[in-house]
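Take a moment with the sequence and the 3D view. The walk below goes from a sheet to the empty spaces.

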Amino acid sequence: MGKRILSSMLLLLLGMVIFTFLSGLKVEAADPVHTVSSQETVESIAATYNISAEQLMKTNGLPDGKLYVGQKLRIIQTAYTPSIYQWAERGKQIGNYAKSFTGFKKTAGEETPIKGFDSSGLIHWVLSRQKVPIDRLSVEGYYKQGMDTDTPKAGDVIFFLEKGSSKVVTAGIYLGGNRFVNSGYGAETVQVRSTTEKYFAQYQAAYKTYTPKGEHVVQNNETLKSISDNYGVSVDTIKKRNALPTDSLMQGQYLQIYSSPLYPFYANQEASYDKAYDVIKYAYTLRGFTYVFGEYDPMIGMDCSGFIYWVMKEQGISVKRGSASDYYSLLPKLKDPKAGDLVFFRDTDLSQEITHVGIYLGDGRFIHTTKNTGVHISDLTSSYFTQKFESFGQVQINMD
């Protein structure tokens, strides 16, 4: 009996030693985190850890070489291997970039690492710096603007609503596994939080996506053939789903690969004219392209009327190059728009005239281009556009 007890004690002691040793190994094996200090660069930090600058940037979702004092960067020694599907990879980069601002201060109404973030400011900074073209909105605005998803992924936005209502309390960047990055709710700094915390468990969680499954962003030197081979979807199918007028692609175009629309606001809407859906599909591919006053070529940049001109022209619709005011004067006005009609705004530059135009998508959304964001989708119910709205214009097949 004594030997049996002694053996049991030895086994227990051995187990404790092994557990302690393995736990230590696990801590040792965790990815180190580097906190950025003044004067450091991506290159100097990468050299410190003997990794490439590209790997450091990809691991942390850095959109460029700009760093901020206090930013926390994960250091991974193993080779960076991107996901084959860009939507998943972009989501991970969004989440990793959000995490890098852990510890930055909460500041009401702010949206930059220098001044701090409120919850909506953090969402805007992270998504816009990851080239997701969005307006600067409140958390309620982001809740209206995003697309519902029942299968949230890293990089989506998590919202907390009062139970039994749609009132949004706060929001953050979802990381997966019940974790998310949030600025300030129950803390004074940006933190990685959990939906199981007392602060958040009392609310109803909802998820919205801005990087839908199936979205492919065209890279330099990619062709329709190479993208087709990558996803196993035919060239003709990709062209049809994006209403591409030719086989030529532009770097930065967003391509829909799968059958469901990326932003399905028009899906159940009546079309204003035969090519309305194709106009919208093609307009979607230009999200994120820059704004340049007086221009209409996506590779140079487009102003709001130049965007309308380019999209219509590329879809074979005869239209003169004009201003927002010119298009306003051409089109009959209506109260009940259909998908593909135009929407006009007054006094967006203090001139008291028709100064802005976009393409109506349905469900209160429209696509347009602005100086700060480039081509993107906005909501007519936002406070700014509600104030500036003038009317809808009924598009004819021939706008010449």
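What follows treats the sheet and its helix, then the cavities, then a pocket.

The model is a predicted one. Start with the sheet. Strands of a sheet pair through backbone hydrogen bonds, either parallel or antiparallel. Here six strands form an open sheet, and the pairing is antiparallel. Read across, the order is E5-E10-E6-E7-E8-E9. Which strands form the edges? They are E5, residues 147-148, and E9, residues 190-194. Each of these edge strands pairs on one side only.

Now look at one pair inside that order. Strand E7 covers residues 168-176, and strand E8 covers residues 179-183. Three bridges join E7 to E8, and the two run antiparallel. Gly-176 stands opposite Arg-179 of E8.

A helix goes with this sheet. Helix H5, residues 119-129, lies across E6, E7, E8 and E9. Strand E6 spans 157-161. The helix runs at about 35° to E7.

Turn next to the enclosed spaces. Rolling a probe the size of a water molecule over the atoms shows where empty space is left. How many cavities of 30 Å³ or more are there? The count comes to two.

The largest cavity holds about 100 Å³ of space. Its lining includes Arg-90, Glu-215 and Arg-287. Tyr-210, Tyr-254, Tyr-263 and Phe-265 are also among the lining residues. So are Val-132, Pro-133 and Ile-134. Gln-145 and Ile-377 line the largest cavity too. By class, this lining has eight nonpolar residues, one polar and three charged.

The second largest cavity holds about 40 Å³. Its lining residues are Arg-241, Asn-242, Tyr-254, Gln-256, Leu-262, Lys-281, Tyr-284 and Thr-285. Three elements each give two or more residues to this lining: helix H9 (235-242), strand E12 (254-256) and helix H10 (276-285). Which element gives the largest share? H10 does, with three residues. The classes here are three nonpolar, three polar and two charged. Tyr-254 appears in the lining of the largest cavity and also in that of the second largest cavity.

Last comes an open space. The second largest pocket has a volume of about 280 Å³. It is lined by 18 residues. The closest to its centre are Met-147, Thr-149, Thr-209, Pro-212 and Lys-213. This lining divides into seven nonpolar, seven polar and four charged residues. Residue 147 links back to the sheet, where edge strand E5 covers 147-148.

Terms used: Residues are numbered from 1 along each chain as its sequence is written. This is a predicted model: local features need pLDDT of at least 70, side-chain atom pairs count only at pLDDT 80 or more; totals for chains, interfaces and linings use all residues. Side-chain values use heavy atoms; hydrogens and water are left out. On a 1 Å grid over the protein atoms alone, a cavity is a set of points where a 1.4 Å probe fits but cannot get out, and a pocket is an open set with protein on both sides within 12 Å along at least five of seven lines; lining residues have an atom within 4 Å of a point. Grid points are joined across faces, edges and corners, and a volume is the space filled by probe spheres set on the points. Ala, Val, Leu, Ile, Met, Phe, Trp, Tyr, Cys and Pro count as nonpolar, Asp, Glu, Lys and Arg as charged, and the others, Gly among them, as polar. Helices (H or I, at least four residues) and strands (E, at least two) are DSSP runs, numbered from the N terminus. Two strands pair if DSSP finds at least two bridges between them. Contact means heavy atoms within 4.5 Å. Axes are lines fitted to C-alpha atoms, for helices over the stretch in contact, and angles run from 0 to 180 degrees between N-to-C directions.
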